[in-house]
Amino acid sequence: MGRCGYTRTPLWFSYCLATDRAMELINDIDILDDELRKERLDSDELDRPKMAGHESEGQRQVYLETYGCQMNVSDSEIVASVLQEHGYGLTRDEEEADVVLINTCAIRENAEQKVRTRLGMLRARKRDQDGPFMIGVLGCMAERLREKLLEQEKLVDVVAGPDAYRDLPTLLAEADESGQAAVNVQLSKEETYADLNPVRYDSNGVSAFVSIMRGCDNMCAFCVVPFTRGRERSRPVTTILSEVAQLVEEGYKEVTVLGQNVNSYHYTDGSHDVNFAELLDRVSQVSPELRVRYSTSHPKDCSDELLRVHARRHNVCNYIHLPVQHGNTDVLDRMRRTYTRERYLRLIERARSICPGVAFSTDLIAGFCGETEAQHQDTLSLMREVEYDHAYMFKYSERPDTYAARKYEDDVPDDVKQRRLQEIITLQRAHSLQSNQRDVGTVATVLVEGTSKKSDDQLRGRTDTNKMVVFDREDYAKGEYVNVRITDCTSATLLGEPLGRTTLQAEAERLQVA
Ligand code: SAH
Ligand code: SF4
Ligand code: F3S
């Protein structure tokens, strides 16, 4: 997803969590070292919360700000759709807004803290403002913080959980009329917003998210998501395919299908059970020129059938985000991840044999409860075995109500967690650099997403393997596939020279002939 070209003050940098792409969970950006932070900001523009990027007329103007993962970004597009249907307009200027909605994330403590600071600032504005002004909290913090937000801190007018967005217009009207806070944090077993047409208000017109399932049943010991988003449920196949077809008609060239455990998707269509491998295949058949990605997959659901879809379908990207979380089997067991180190490594091997050249990224947690130095070393050694192309790395943060919070002690001292995380980051940076260096001299097919952040004379786009490439603009444009010879790199970005336009089909045929 592209940016809206909207600038915030540097202070607001630290609020950022929202992102363009694959699982960019950067709540923890403040604990990355400066150089890496800069690289990540440069390459991925992970620099600020997402907010309404276009304006639309309405009786009341809403400013919508999103924190968290891609699911939240996708949910905000649903929220925009619901509100527009009820006569609300979107604004990108917070000062102009009658309503400010914050779509929140609860994944780590600092994510919540940032939102609360932000709400404090909004509250100050509300106090000082003459006219009516409403503040709403949406998303993953809604359920847990409802009491605090409403009663103790009296911060907000509306609280709506992730399954209550259809109710937002009613909640806003109620709060407006009564002057009292209006709340709906009920989680649903069915809601998938399947019939709603997301308003892609911050889109670059090239890549889009398509949400295909919601919730999570996995109950990993550290994770708050099953509590904030409720039970897993999958969206009907036909509504997914028609949304993708519409995107293609509108000129989109890439979709990322989304779910918390996206590859556990299953939907019974009449008498036929559709699993994720089949769904992905069918999504990829909507157009041969549409790149298809997905996020986030769980190793337990990464089947041979799914890997074969990657291998068979030229437009399913040769890239898998496969969070491992840790490299030690005992820790994985305590994390309740349902696989061992050895099984995970066999899966990586299997994927490499079925899909030659496949790129991997992962998520890693440093300093989980009871983690010993030797167990931490196992994470580093697993990283050396896999050599991930990219990773998202976090310091363990205890979340209320989770299995870990109830059963284990958060006993790794913060300075030790920090040091271990830094070791993981340093190693990953070396691997990312090596991976990029291996690409120097090769030719990559890049889907152009827009102008490079550093210079209007350069374009940026992604390879099939999800690497960012920057090259001279010449006469190329956003939305085109361009073959680019890679000439140089940093650990975060490839640099190259454009060789000519191409199509995904032409590239697939060329590879088959070769
Ligand atoms: N559903 C996805 C990701 C969910 S959250 C999946 O299962 O892969 C994204 C990442 O945040 C997780 O993969 C994990 O690495 C990290 N994370 C989740 N809870 C955390 C916690 N309590 N402390 C630190 N990191 C956490
Ligand atoms: Fe959280 Fe685990 Fe579900 Fe991912 S799979 S959302 S880490 S419980
Ligand atoms: Fe955060 Fe909720 Fe996503 S907790 S990571 S916004 S699912």
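Trainee: Why does tyrosine 339 count as buried?

Mentor: This is a predicted model, so every value is computed from it. Tyrosine 339 has 5% relative accessibility. Buried means under 20%. Therefore tyrosine 339 counts as buried.

Trainee: What makes tyrosine 344 buried or exposed?

Mentor: Its relative accessibility is 1%. The cut-off for buried is under 20%, so tyrosine 344 counts as buried.

Trainee: How many aromatic pairs are there?

Mentor: The count comes to 8 aromatic pairs.

Trainee: What makes tyrosine 339 and tyrosine 344 an aromatic pair, and why is that pair called tilted?

Mentor: Take the distance, then the angle. The ring centres lie 5.8 Å apart. Pairing needs centres within 6.5 Å, so the two rings pair. The planes stand at 35 degrees. Stacked needs under 30 degrees and edge-to-face over 60, so this pair is tilted.

Trainee: Why is the pair of phenylalanine 471 and tyrosine 476 called edge-to-face?

Mentor: Here the angle between the planes is 70 degrees. Edge-to-face means over 60, so the name follows. The centres are 6.4 Å apart, which is within 6.5 Å. Phenylalanine 471 and tyrosine 476 are buried.

Trainee: Which residues form one aromatic cluster?

Mentor: Phe222, Phe368, Tyr396, Tyr403 and Tyr408. Phe222 also belongs to the residues around ligand 2.

Trainee: What else surrounds ligand 2?

Mentor: The surrounding residues include Cys216, Cys220, Cys223, Gln260, His298 and Arg337. The shell divides into 7 nonpolar, 3 polar and 1 charged. Arginine counts as charged, so Arg337 fits that class. Ligand 2 sits in the largest cavity.

Trainee: Why does cysteine 216 count as buried?

Mentor: Cysteine 216 has 11% relative accessibility. That is under 20%, so cysteine 216 is buried. Cysteine 489, at 14%, counts as buried by that cut-off too.

Trainee: How many disulfides does the structure hold?

Mentor: The structure holds 0 disulfides. A disulfide needs a pair of cysteine sulfur atoms within 2.5 Å, so no pair here meets that limit.

Trainee: Which residues come nearest to ligand 3?

Mentor: Of 11 residues around ligand 3, Cys69, Cys105, Cys140, Arg229 and Gln260 come nearest. The shell around ligand 3 divides into 7 nonpolar, 3 polar and 1 charged. The space taken by ligand 3 is the largest cavity.

Trainee: Which domains does the shell around ligand 3 draw on?

Mentor: Domain 1 (56–184) and domain 2 (207–437). Each gives at least three residues to the shell.

Notes
Residues numbered from 1 in each chain as written. Chains lettered and ligands numbered in written order. Predicted model: local features only at pLDDT ≥ 70, side-chain atom pairs only at ≥ 80, totals over all residues. Heavy atoms only, no water. Buried < 20%, exposed > 50% of the residue type's maximum accessible area, 1.4 Å probe, protein only. Near = heavy atom within 4 Å. 1 Å grid on protein atoms, 1.4 Å probe; cavity = no way out; pocket = protein on both sides within 12 Å on 5 of 7 lines; lining within 4 Å. Sits in = over half its atoms within 2 Å of the grid points. Domains from an automatic or database assignment. Phe/Tyr/Trp six-rings, centres within 6.5 Å; stacked < 30°, edge-to-face > 60°.
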